[in-house]
Amino acid sequence: MKGNKYDVILDTMPETPSRLEILFRQAGDGFLQVEYGREQRAALQDSFRILAVNDIIRARQINGLIETVPGLRTNLFHFDPQALSSADLIAQIKEAEDSMPTIDDVVLESRVIHLPLAFEDSETKKAVQKYVKEVRPDAPNVINGYNLEYMALCNGVTVAEAKNMILGTEWFNSGCGFWPGGAFLWPVDPRCALVVPKYNPPRTWTPEGAAGIGGPCVFTYTTPTGGGYQLFGRTIPTFQFSCKHPIFKEGPFLYRPADRVKFHEVQEQEILDIFDHVHNKTDYRYQIESGQVVAKDYLTWVHSEEVQNGVRELKAKQAEGVRKAPRL
Amino acid sequence: MLKIINGGIEVLVEDWPGRLGYLGMGMSASGAFDNLALGFANLLVGNSPGEAGLEITGGFLEAQFARDTVIAVTGTDMKPTLNGESLPMWQSVAVNRGDTVKFGHIGEYGFRCYLGVAGGIDVPAYLGSKSTCIFGGYGGFEGRKLAAGDELKLGAPRGALQDLAGRRLKDGVRPDYQRQWQLRAIPGPNTSPDYVTEEGMDLLFSKSFKINHNSNRSAYRLDPLPESFFARPDGGVGGSHPSNILDHAYAIRGALNICGNTPILLIADGPTLGGYMCALNVINADLWKIGQGTPGRDSITFRMVGQQEATEARRAQKELLSEASLA
Amino acid sequence: MEKSVNAIMPGLTARVVVNVGDRVEKGQEVAVINCMKTEIPVNSEEAGVVKQVLVKEWDELQVGDPMVILEI
């Protein structure tokens, strides 16, 4: 690889029993991408480590470091090269990595945000109807005016089972992005890992609060916008431009990286009432608990026979579902 | 106060460096698309180079001043007039209460022009910046482009108006506008050998790419790449196309995103995160050139540089945007 | 006398909204240009009668390209 003029890997850290190889990739004159492993792998323990290291680095308040943007298996560092060299930045990241050498060290502050959810509510239904009317009249992902049956079909489960999977796990935020205040939420329990294709072509409108899933990720729409995730219902505001409600007094964002979301089912009227109490009366009390993610405990649990049996069962159903469900 | 008579095609309040620090919350920096032209306009009227001004894309703005002040117009030559008389560009000009500025269509070279006003455009800063994110509908003036009837407040000039008028730039300082824009760029994070073939990277750094007419403040779309560009048959867990990758943060402003076979420069209002690889990054000091690239007309080439040249270019640009550049 | 209504932006012709023989008032929209993922209206600067339509959907345009000829 040496001698390749397009080699962008500035430095590496070797693989250890509790961590993948780390690659420091040049990403511009003010950006550095830190990548975990050479393979595209979607594994929550990588995200736990990235976010734990991210917390350590941010706490250091390094001069010249503008911001970090953690993702599932990468972290992007945005810096001012006139104040901080990439070599110095890499040295700081290495130190932070070395300060938590084993899996026992990976403990992450992680809040649990309880969000009410109304399945197949009328507002989200409008978005699906609009899509059929204006974008794709023959959309195979719309069954009985909604996407939930298609989601179930793709995974070889019933609609009731799909709902229970959404409600039955915590959803872990590997980092915010894509849209202001948006979070990429991954199922903590792999037995609840629905996987669905995205809209093709995308929607032109989605109401605020709509909850959808694309690939394995759940997303709650922070403001009205287009979008490509399959919609299953609507939750309450998770963002507020005006910052009027006290929970938004520090900024318009509810979600932080490493948050976990737990949905519970309610009737649509409750969602509408809460919208009023968040945006107008500004007196809704969000249900948020502080907590931790302990990577070692997660790995022990996820590798247990009980969980793995469940995963195998789900994968078999999904293989069947993929065969039967129409492609988008 | 500045009263908008005709909002033209797309006129936005923008500052520089924009809304930094919120990429991790899904908010791109926005900011002036050509920060050099905005910087000179500000400098000429006595503002700090990053003060908020008007970014005029496509042309046809018409506006009336409700007070005496000093203005400067920089960027593409939209044949601006003041009360119907030709208004000189790249210098500061005194305007009186009741005067009207009017802009025509884009010039022979460049796509955006900037109106700097002594004291700047006074809109409330949102998350640390006065810039408009048109894509997300926040910041700037009510989160949108200007329209007839809007009334913009102006800040307090940083000096006596008679001292701020008649300022010019030194010879050789004014940026050179072309129809073929050479952007200096650093390869990465997704290059050869793992994501792109060496021939693919060679092509990226030699081909001239026409700017697609659909380009806007979020994304500048370029001519498609051949299949031979990719070193992988597919994107693995990331997706079926070799440009797919598991979602990662985009190094904006300046990332060249490869979306399917289409290279797309992610700029001011671009997405912060997504599932496509990024093959190079335009250096910070050359971002302004993208903003002057005219969709449907101009072309872009990339020239590979290293960190040292890029850092030096940042320093040089900062120096250029100082009082030392005034005649 | 003839007068052309010209493209005010580069881009693609989205559509022409008048036909030959139509009476056009000053300021009336005669065509639409697609640029920056936005539809940009092209209005006539003169009143007149449409004599000729020079462009069709998806035609590429540069600033100043004539789109419609009016008899004024």
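**Reading contacts and fold in a three-chain model**

User: How many residues do chain B and chain C each give to their contact?

Analyst: Two residues are in contact if their C-beta atoms, placed from the backbone, lie within 7 Å. Here 13 residues come from chain C and twelve from chain B. This is a predicted model, in which local features need pLDDT of at least 70, side-chain atom pairs count only at pLDDT 80 or more, and totals for chains, interfaces and linings use all residues. Residues are numbered from 1 along each chain as its sequence is written, with chains lettered from A and ligands numbered from 1 in the order in which they are written.

User: Which elements of chain C give two or more residues to the side that touches chain B?

Analyst: Helices (H or I, at least four residues) and strands (E, at least two) are DSSP runs, numbered from the N terminus. In chain C, the elements are strand E2 (11-16) and strand E4 (29-35).

User: Which pair of chains shares the most contacts?

Analyst: Two pairs of chains are in contact, and chains A and B share the most contacts. Chains A and C do not touch, with their nearest C-alpha atoms 13 Å apart.

User: How many helices and strands does chain B have?

Analyst: Chain B has five helices and 20 strands. Its radius of gyration (over C-alpha atoms) is 20 Å, close to the 20 Å from the globule rule (2.2 Å times the number of residues to the power 0.38) for 327 residues, so chain B is as compact as a globular protein of that length. Its C-alpha atoms fill a box of roughly 65 × 40 × 30 Å along the principal axes.

User: What share of contacts in chain B joins residues at least 24 apart?

Analyst: Among contacts between residues at least 6 apart in sequence, the share in chain B is 75%.
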